[in-house]
Amino acid sequence: MLQIILPIIFLIFGLFLKKTNNPGFKSSKKFATMFIILGISTLVAKFILMYLASK
């Protein structure tokens, strides 16, 4: 269950970094794309592994 929740948190945090206008997060905006890609790839990989394990 943690393997599904953690990528969703990465996705939400990446989207938050991309949309925020807070000056405290200004230096972290370049990491937003990395968090989004990491969340999507981890989530897709987990679903693929769950599908392969069910066969």
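## A buried ring in H2

Phe35 is buried, at a relative accessible area of 18%. That value falls under the 20% limit for a buried residue. The model is a predicted one. Phe35 belongs to helix H2, and its ring pairs with that of Phe13 in helix H1.

Phe13 is partly exposed, with a relative accessible area of 33%. The ring centres of Phe13 and Phe35 lie 5.2 Å apart. Their planes stand at 80 degrees, so the pair is edge-to-face. An angle over 60 degrees is what that class requires. Along the chain, Phe13 and Phe35 are 22 residues apart, and the pair links distant parts of it.

## How H1 and H2 pack

Two packed helices are described by the angle between their axes and the distance between the axes. Helix H1 covers residues 2–19, and helix H2 covers residues 32–54. Their axes come within 7 Å. They cross at roughly 155 degrees. H1 is therefore roughly antiparallel to H2, since angles over 145 degrees fall in that class. The crossing of H1 and H2 is left-handed.

Which residues of H1 and H2 make the contact? From H1 come Gln3, Ile4, Pro7, Ile8, Phe10, Leu11, Phe13, Gly14, Leu15, Leu17 and Lys18. From H2 come Ala32, Thr33, Phe35, Ile36, Leu38, Gly39, Ile40, Thr42, Leu43, Lys46, Phe47 and Met50. By class, the contact of H1 with H2 holds 16 nonpolar residues, five polar and two charged. Both members of the ring pair described above, Phe13 and Phe35, take part in this contact.

## The aromatic cluster

How many aromatic pairs are there? The count is four. Ring pairs join Phe10, Phe13, Phe16, Phe25 and Phe35 into a cluster.

Phe16 and Phe25 form another edge-to-face pair. Their centres are 5.2 Å apart, with 85 degrees between the planes. Is each partner buried, partly exposed or exposed? Phe16 is partly exposed, at a relative accessible area of 39%. Phe25 is partly exposed too, at 27%.

## The loop between the helices

Phe25 sits in the loop between H1 and H2. Beyond its neighbours within four places in sequence, Phe25 is in contact with Phe16, Leu17 and Thr20. Of these, Leu17 is also one of the H1 residues in the contact with H2. The C-alpha atoms of Phe25 and Thr42 are 24 Å apart, with their positions 17 residues apart in the count along the chain.

Thr20 lies in the loop between H1 and H2 as well. Thr20 is buried, with a relative accessible area of 11%. Setting aside neighbours within four places in sequence, Thr20 is in contact with Phe25 and Lys29. Thr20 and Ser54 are 34 residues apart in sequence, and their C-alpha atoms are 40 Å apart.

Ser28 has its place in the loop between H1 and H2. Ser28 counts as partly exposed, at 23% relative accessibility. From Ser28 to Leu17 the C-alpha separation is 7.1 Å, and the two are 11 residues apart along the chain.

Conventions:
Residues are numbered from 1 along each chain as its sequence is written. This is a predicted model: local features need pLDDT of at least 70, side-chain atom pairs count only at pLDDT 80 or more; totals for chains, interfaces and linings use all residues. Side-chain values use heavy atoms; hydrogens and water are left out. Axes are lines fitted to C-alpha atoms, for helices over the stretch in contact, and angles run from 0 to 180 degrees between N-to-C directions. Helices (H or I, at least four residues) and strands (E, at least two) are DSSP runs, numbered from the N terminus. Angles under 35 degrees count as roughly parallel, over 145 as roughly antiparallel, 65 to 115 as roughly perpendicular and the rest as oblique. A crossing is left-handed if the near helix is turned anticlockwise from the far one by less than a right angle, and right-handed if clockwise. Contact means heavy atoms within 4.5 Å. Ala, Val, Leu, Ile, Met, Phe, Trp, Tyr, Cys and Pro count as nonpolar, Asp, Glu, Lys and Arg as charged, and the others, Gly among them, as polar. Rings of Phe, Tyr and Trp (its six-membered ring) pair if their centres lie within 6.5 Å; planes under 30 degrees apart count as stacked, over 60 as edge-to-face and the rest as tilted. Buried means under 20% relative accessible area, exposed over 50%, partly exposed in between (1.4 Å probe, protein chains only).
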